[in-house]
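The following note sets out numbered remarks on the model, for discussion among colleagues. It takes up the contact between the chains and then some local features.

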Amino acid sequence: MPKALRMRPVIGHDNRPWWDRIDEGELPIQRCCSCGTLRHPPRPMCWKCQSLESEYINASGKGIVYSYVVVHKPAVPGYEYPLAVGLIELEEGTRIVSNIVGINPEDIEIGMPVEVSIDAVDDEMNLPLFRPASR
Amino acid sequence: MPTTIKDKCAIVGIGQTEFSEKSGRSELHLTLECVKSAIEDAGLPFSAVDGLVTYSIDGSDEIAVARGLGSKELTFFSRVPHGSGGGAVSMVQQAVLAITTGMCETVVCYRAFNGASGVQPKSTDVGGPLSTDQIHWGWYNPYGLVGPASVAAMYTQRYLHEYNASDESLAEIAVTMRKHAANNPEAMFYQKPMTKEDYFGSPFIVEPLRQYDSSIATDGGCAFVITSAERAKELRHPPAVIRSVAQGSAYDQEVMTSFYRSSITRFPEYELVAKECYQHSGLCANDIDAASLYDPFTSAVLFQLESFGFCKQGEAHEFVKNGNLGVDGQLPCNTSGGQLSEAHLQGINGVTEAVRLIRGTSVNQPVKNDHVLATSGFGVPASAMILGKC
């Protein structure tokens, strides 16, 4: 039996540019072309100025753990448990949900600095994952 | 045309199936059973029902229910989106709007499902047109953030951190709800109280949440009947008069994962429906004698105690201590055992218990019961109402 894979995101017009940039090794943040407001997750309209024009910038990849959980169950095929999932606040100000890797889940703390790497989690999917910052 | 809905309508009948791990019958069967028992409880003929309301993620179509009731002239049917929780009290608003504007006279609101034995819908299932909801889950599922507990845990972790709160407060809520259920013959945990040791001995599901922080998967259903306050006076039970009811979605609302607001320990959708309910009823938190606070997880109770003004922001973890949520406490809460210990029916059993509290027939009946608050929704658009006496 083939190894179970992580769940895939469903891709459509509104999120494709973001995932394409992940495949290119960058962590993108959507930016309003009109007022410059950053937003994540990406969506068609700016909540501040209602502009429908947007572009992407590359995040520095540095941030802090704003909150996190350690999942034990339900255990879904394709993942290893206990599984640390963090809500990361990027230094640009937006937040993103991702896994916190390279650290024992028991040692994770709110506020700790982390940095991104874009990793191939299997043959078909790249994800931005966060690990304790080297600095 | 009324300019306010205050005291214009009342809940006049409640019904339910048994709550179990395996009902052995279809969801439509369960629905018809609790709908029937609610109409009989109201003492109305089946032909009186001309409106039906449910909320999303319901497999029992309104017209399938109507066919069971033999409805000849159904003039109002409506379904609230963002189900599993937020819809339970929202249904009341739908019914009240329809009745007060003359669209119909008597509405049955229902929810029944096989939450324990049935196949749960999978969030990864893709079919039909691409929806914003499918795109939405793609920001979470690839990382293994799957299911309500993982999302609830994210808010809870931050709350415990910001307010230097301990999981003792979560234990207090879990043990109190279980105590209520242990006294409720209809509850999944009837005669099964637990201690704090039991709570702390239960395994983590998604840290910081343990198994006993989570509601219990249930097969079953509830329904209730709403009609005009005028008509309610002629019926058999003391009516639970709807003082106010509100539905709310707030700034940067997602379905469950509203993680991008400046604070994730405040819930503006709760604050919005609280403001609306108090404003429209002319009541305040001090007037509320008991509450059904939607409790799919223990921490949801903390967040609502603060949003609805029963204590200050960041103080709910202290408020819940000293038995304040018990029958003799400052705010008797979820007296049937709630979603945590009576049955997880996506909030609708909180409504039926609120009606019993007004009638004075709860198995854990507080002495004072002039006004009861009922809420639903957690991390999704929320709803709330205040019930009072005739």
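1. Among the links across the interface, Asp252(B) forms a salt bridge with Arg43(A), and the closest N and O atoms of the two lie 3.7 Å apart. The count of salt bridges between chain B and chain A is one. The model under discussion is a predicted one, and the remarks below should be read accordingly.

2. Polar contacts add to this picture: 16 residue pairs are in polar contact between chain B and chain A, both residues of each pair being at pLDDT 80 or more. On the side of chain B that touches chain A, α4 (132–137), α5 (148–162) and β5 (204–207) each supply at least two residues. The element of chain B that gives the most to this side is α5(B), with seven residues. By residue type, the side of chain B that touches chain A divides into 18 nonpolar, 10 polar and six charged residues.

3. The extent of the contact may be stated in residues and in area. Chain B contributes 34 residues and chain A contributes 39 residues. The size of an interface is often expressed as the accessible area lost when the parts come together. Chain B and chain A bury about 3200 Å² between them, and 67% of this is on carbon and sulfur atoms. Within chain B, the residues that lose the most area to chain A are Trp139(B), Pro142(B) and Tyr143(B), which together account for 27% of what that side buries.

4. Strand pairing also crosses the interface. Strand β4 (residues 62–71) of chain A is joined to β5(B) by two bridges, and the two strands run antiparallel. In this pairing, Glu207(B) of β5(B) is the bridge partner of Val70(A), while Val206(B) of β5(B) stands opposite Val71(A).

5. What does β5(B) pair with inside its own chain, in the antiparallel sense and over two bridges? The partner is strand β6 (residues 209–210) of chain B. Phe204(B) stands opposite Arg210(B) of β6(B). The two strands, β5(B) and β6(B), form a hairpin with one residue between them. Thus β5(B) is bridged to β6(B) and also to β4 of chain A.

6. Strand β2 (residues 51–55) of chain B deserves separate mention, as five of its five residues are buried. Both faces of β2(B) are covered: Gly51(B), Val53(B) and Tyr55(B) are buried on one side, and Leu52(B) and Thr54(B) are buried on the other. This strand, β2(B), runs parallel to strand β3 (residues 76–80) of chain B, with five bridges joining them. One of the facing pairs is Thr54(B) opposite Arg79(B) in β3(B).

7. Is Lys22(B) buried or exposed? The relative accessibility of Lys22(B) is 65%, and the residue therefore counts as exposed, the cut-off being over 50%. Lys22(B) is placed in the loop between β1 (9–16) and α1 (27–42) of chain B. Apart from neighbours within four places in sequence, Lys22(B) is in contact with Ser117(B) and Asp219(B). Lys22(B) and Cys104(B) are 82 residues apart in sequence, and their C-alpha atoms are 36 Å apart in space.

Key:
Residues are numbered from 1 along each chain as its sequence is written. Chains are lettered from A and ligands numbered from 1 in the order in which they are written. This is a predicted model: local features need pLDDT of at least 70, side-chain atom pairs count only at pLDDT 80 or more; totals for chains, interfaces and linings use all residues. Side-chain values use heavy atoms; hydrogens and water are left out. Contact means heavy atoms within 4.5 Å. Buried area is the accessible area (1.4 Å probe) that two parts lose on being put together, summed over both. A salt bridge is a side-chain nitrogen of Lys or Arg within 4 Å of a carboxyl oxygen of Asp or Glu. A polar contact is a pair of N or O atoms within 3.5 Å; within protein, one must be able to donate a hydrogen and the other to accept it, and residues adjacent in sequence count only if both atoms are side-chain atoms. Helices (H or I, at least four residues) and strands (E, at least two) are DSSP runs, numbered from the N terminus. Ala, Val, Leu, Ile, Met, Phe, Trp, Tyr, Cys and Pro count as nonpolar, Asp, Glu, Lys and Arg as charged, and the others, Gly among them, as polar. Two strands pair if DSSP finds at least two bridges between them. Buried means under 20% relative accessible area, exposed over 50%, partly exposed in between (1.4 Å probe, protein chains only).
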